[in-house]
Amino acid sequence: MASPPHPNLELRPLGNTGLKLSCVGFGASPLGSVFGPVSEHDAISSVREAFHLGINFFDTSPYYGGTLSEKMLGKGLKALGVPRNEYIVSTKCGRYLEGFDFSAERVTKSIDESLARLQLDYVDILQCHDIEFGSLDQIVNETIPALQKLKEAGKIRFIGITGLPLSVFTYVLDRVPPGTVDVILSYCRYSINDSTLEDLLPYLKSKGVGVISASPLAMGLLTENGPPEWHPASAELKSTCQAAAAFCKAKGKNISKLAMQYSLANKDISSVLVGMNSVRQVKENVYAATELATFGKDQETLSEVEAILSPVKNQTWPSGIQES
């Protein structure tokens, strides 16, 4: 039996769902070996350590690793041996290794495939994955109604949408009945270099929609190693972030921890989702959260880093399909 949750990892309400998510969420895309090989042992150990340290929210997608992430997460959750209501699982539909398909027929079939891989009877949240690549009108008129039927069938509890451009969220939410979409997942829009999600938070709150923010490290920009080759940011944004990382390192600080704490400090964000594939990464992320809760932000270093990044602040990149 797993140990009781970590006492310092805050649980935050997710919109009007009644769910309470750990402020740090476990992004399971790395379990699909999308950033390098991950053994089954490491995948299961990472999930176990996360749960042991108080992380109760796990997010995946059939797209990650061509369904491998869902399979690995399923094995990890089963190995916990705890009641199903002790953890919250989110997966996605509409984006697959073979391409995008938001049709009612495909998403209805998709959830059964996902449940089989995850070894679950239901998921807590099913999200339409990267909706800017589909027809937003199809999402409104066909996909979301199909997801509502899945909700009625008990296969999913709540409905979400994900994407990079913030405009896709308002487009959909303004066109569906209130309470239809329960949660949005935004990525790379609430980190030190780009905080544009902040402007949307009052609107989302007024709609009763929960907010999950992914990729606080801006897909690798805010790390000492820098982003992967395929990262779509401009050369200027990459080099400025690299300079900020080097500045932190010279001060004996870590830009990734600083970025994680920056995102966690906004309590209007229910969970900050970060990819993890090792016990070490899990511990580092939970430590960043517990340190923030105990001591607060390192405001001095944060202000210095914000000054370095100010020429590229809120500079985004076109939404695209990144190669893993």
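Reader: Where is Asp-298 found?

Author: In this predicted model, Asp-298 sits in the loop between H9 and H10.

Reader: Why is Asp-298 called partly exposed?

Author: Its relative accessibility is 22%. Buried means under 20% and exposed means over 50%, with partly exposed in between, so at 22% Asp-298 counts as partly exposed.

Reader: What is Asp-298 in contact with, leaving aside its neighbours within four places in sequence?

Author: Lys-253 and Leu-258. As for His-41, Asp-298 is 257 residues away from that residue in sequence and 35 Å away in space, C-alpha to C-alpha.

Reader: Leu-258 belongs to H8. What makes H8 "mostly covered"?

Author: The count does: nine of the ten residues in H8 are buried, and buried means under 20% relative accessible area. The buried ones are Ile-255, Ser-256, Leu-258, Ala-259, Met-260, Gln-261, Tyr-262, Ser-263 and Leu-264.

Reader: And what covers the buried residues of H8?

Author: The cover includes strands E1 (11-13), E3 (24-27) and E12 (271-275), along with helices H7 (235-250), H9 and H10 (299-309).

Reader: What happens at the start of H8?

Author: There, a side-chain oxygen of Asn-254 comes to within 2.7 Å of the backbone nitrogen of Ser-256.

Reader: Why are H8 and H9 called oblique to each other?

Author: H8 (residues 255-264) and H9 (residues 279-295) pack at about 55°, their axes being 9 Å apart. Roughly parallel would take an angle under 35 degrees, and roughly perpendicular runs from 65 to 115. The angle of about 55° fits neither range, and H8 and H9 are therefore oblique. Their crossing is right-handed.

Reader: Which residues make the contact of H8 with H9?

Author: H8 brings Lys-257, Met-260, Gln-261 and Leu-264, while H9 brings Asn-285, Tyr-287, Ala-288, Ala-289, Glu-291 and Leu-292. By class, that contact has six nonpolar, two polar and two charged residues.

Reader: What makes H1 oblique to H2?

Author: The axes of H1 (residues 40-52) and H2 cross at roughly 55° and come within 8 Å. Angles under 35 degrees count as roughly parallel and those from 65 to 115 as roughly perpendicular, so H1 is oblique to H2. This crossing is right-handed. On the H1 side, the contact is made by Glu-40, Ala-43, Ile-44, Val-47, Arg-48 and Phe-51; on the H2 side, by Met-72, Leu-73, Lys-75, Gly-76, Leu-77, Ala-79 and Leu-80. By class, there are nine nonpolar, one polar and three charged residues.

Reader: How do you know that H2 and H3 are oblique?

Author: H2 (residues 68-80) and H3 (residues 104-118) pack at about 45°, with axes 7 Å apart. That angle lies outside the ranges under 35 and from 65 to 115 degrees, and H2 and H3 are therefore oblique to each other. Glu-70, Lys-71, Leu-73 and Gly-74 of H2 make the contact with Ser-114, Arg-117 and Leu-118 of H3. These divide into two nonpolar, two polar and three charged residues.

Reader: On to a strand residue. Is Ser-90 buried or exposed, and how do you know?

Author: Ser-90, found in strand E5 (residues 88-93), has 0% relative accessibility. The cut-off for buried is under 20%, so Ser-90 counts as buried.

Reader: What makes the pairings of the Ser-90 side chain with Asp-59 and Gln-127 polar contacts?

Author: Distance is one test: the N or O atoms must be within 3.5 Å. The Ser-90 side chain makes its contact with the side chain of Asp-59 at 3.0 Å, and with that of Gln-127 at 2.6 Å. Leaving aside neighbours within four places in sequence, Ser-90 is in contact with several residues, including Phe-57, Phe-58 and Ile-125.

Reader: What about phi in Asp-130 and Met-219?

Author: Phi of Asp-130 is near 55°, a positive value in a residue other than glycine. Met-219 has a positive phi of about 55° and is not a glycine either. Most residues other than glycine have a negative phi.

Reader: Why are Asp-130 and Met-219 called buried?

Author: Asp-130 lies in the loop between E8 (123-128) and H4 (136-152). Its relative accessible area is 5%, and buried means under 20%, so Asp-130 is buried. Met-219 is found in the loop between E11 (210-214) and H7. With a relative accessible area of 17%, Met-219 is under the 20% cut-off too, and is therefore buried.

Methods:
Residues numbered from 1 in each chain as written. Predicted model: local features only at pLDDT ≥ 70, side-chain atom pairs only at ≥ 80, totals over all residues. Heavy atoms only, no water. Axes fitted to C-alpha atoms, helices over the stretch in contact; angles between N-to-C directions. Helix = DSSP H or I, 4+ residues; strand = E, 2+ residues; numbered from the N terminus. Parallel < 35°, antiparallel > 145°, perpendicular 65-115°, else oblique. Left-handed = near helix turned anticlockwise from the far one by under 90°. Contact = heavy atoms within 4.5 Å. Nonpolar A, V, L, I, M, F, W, Y, C, P; charged D, E, K, R; others polar. Buried < 20%, exposed > 50% of the residue type's maximum accessible area, 1.4 Å probe, protein only. Polar contact = N/O pair within 3.5 Å; in protein donor to acceptor, adjacent residues only side chain to side chain.
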